[in-house]
Amino acid sequence: MERSPLVIAVAQPPTVAYDVAANAVTHADTVRAADARVVVFPELSLTGYQLDAPAITADDARLGPLVAACAETGAVALVGAPAWDGAGHAYIATLAVDGAGARVAYRKVHVHESEQRFTPGDGPAVVEVDGWRLGLAICRDIKFPEHDAATLELGAHVYVASVVDHLHEAHLAAERGRRVAADRDVWVAVASFAGPTGGGFDQAAGGSAVWAPGGDVLSQAGPEPGGIARATLRP
């Protein structure tokens with residue numbers, strides 16, 4: 001399939017701790033404001049980085065406003081949430097949301113020791129949008145070259161990561177995003193949490209960005225909550 005240009009946005013909306021319903025509304029507003037085919041959100045964006053937040057399922061009715069916004073705009077939203085599977089395991093997950101509903105698209109592989117209530121995912125995954133294969137990562141995954149290597153083996157054209165870093169570690173997402181773009185010669189999009197959240201993150205880094213193959217940054221948000229960076233990817 002011949003690919004057309006893809007408009008992608010990485011967003012860092014403010015988040016209300018534990019409040020999936022309120023955060024889904026904010027995510028919906030962000031999707032409308034982003035004016036993009038794909039909108040990427042940070043790790044655990046629907047709850048904040050609250051490691052004790054109750055896990056949800058993809059059919060949670062509170063996601064309704066976000067599903068409606070995706071239907072209205074034609075967008076696909078990649079959002080972070082603690083998610084249950086059918087066997088009673090909780091994962092740090094990326095949900096793919098469109099106008100038809102939501103599904104669990106990816107489960108974090110490299111969970112941190114502080115995230116021990118969560119089961120590690122079983123491997124890389126891609127989401128296809130308009131012929132573009134988006135390889136998914138969550139936070140610590142992007143630290144490991146073997147993760148992006150395995151994701152690219154699935155034919156990913158874009159490496160998409162949802163992260164949370166401390167403000168004093170703002171350089172990490174930039175260094176890691178640039179590394180993947182340079183080493184793998186692919187587009188990279190990283191959505192980074194901004195503002196205060198749980199897990200000891202009194203001030204998260206923000207700085208969500210998109211890199212071109214080779215490592216040049218195309219668009220980057222600042223450190224404040226509410227920022228959106230947007231870029232057009234061309235095959």
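Let me start with helix α1, residues 20–34, which lies across β1 (6–12), β2, β3 and β14 and runs at about 45° to β14. For the terms in that sentence, helices (H or I, at least four residues) and strands (E, at least two) are DSSP runs numbered from the N terminus, contact means heavy atoms within 4.5 Å, and axes are lines fitted to C-alpha atoms, for helices over the stretch in contact, with angles running from 0 to 180 degrees between N-to-C directions.

Before going further, I should say that this is a predicted model, in which local features need pLDDT of at least 70 and side-chain atom pairs count only at pLDDT 80 or more, while totals for chains, interfaces and linings use all residues. Residues are numbered from 1 along each chain as its sequence is written, and side-chain values use heavy atoms, with hydrogens and water left out.

The strands under α1 belong to an open sheet of six, in the order β5-β4-β3-β2-β1-β14, with mixed pairing; two strands pair here if DSSP finds at least two bridges between them. At the edges stand β5 (101–107) and β14 (227–233), each with a single partner strand, so one side of each has no neighbour in the sheet. On average, and ignoring direction, neighbouring strands of this sheet are turned by 30° against each other. Within this sheet, β2 (residues 38–40) and β3 (residues 76–84) run parallel and are joined by three bridges, and V40 stands opposite L78 in β3.

Now to the other sheet on my list, which is also open, has six strands in the order β6-β7-β8-β9-β12-β13, and is mixed in its pairing. Its edges are β6 (126–129) and β13 (217–220), and each of these has a single partner strand, so one side of each is left without a neighbour in the sheet. Here the neighbouring strands are turned by 20° against each other on average, direction ignored. Five bridges pair β7 (residues 132–138) with β8 (residues 158–163) in the parallel sense, and L136 stands opposite V160 in β8. Helix α4, residues 170–184, lies across β8, β9 (187–192) and β12 (209–211), and runs at about 25° to β12.

Which residues does L233 contact, once its neighbours within four places in sequence are left aside? L233, which lies in strand β14, is in contact with P5, L6, I8, W132, V158, W187 and V210. L233 counts as buried because its relative accessibility is 0%, where buried means under 20% relative accessible area, exposed over 50%, and partly exposed in between (1.4 Å probe, protein chains only). From L51, L233 is 182 residues away in sequence and 34 Å away in space, C-alpha to C-alpha.

Two backbone details deserve a look. Most residues other than glycine have a negative phi. Y18, in the loop between β1 and α1, has a positive phi near 70°, and at 37% relative accessibility Y18 counts as partly exposed. C139, in the loop between β7 and α3 (145–152), likewise has a positive phi, of about 45°, but C139 is buried, with a relative accessible area of 13%.

Finally, the annotation: in an unreviewed entry, UniProt lists residues 6–235 as "domain: CN hydrolase", and such annotations may be inferred rather than shown by experiment. In the model, the end C-alpha atoms of residues 6–235 lie 9 Å apart, and the span is 21% helix and 33% strand.
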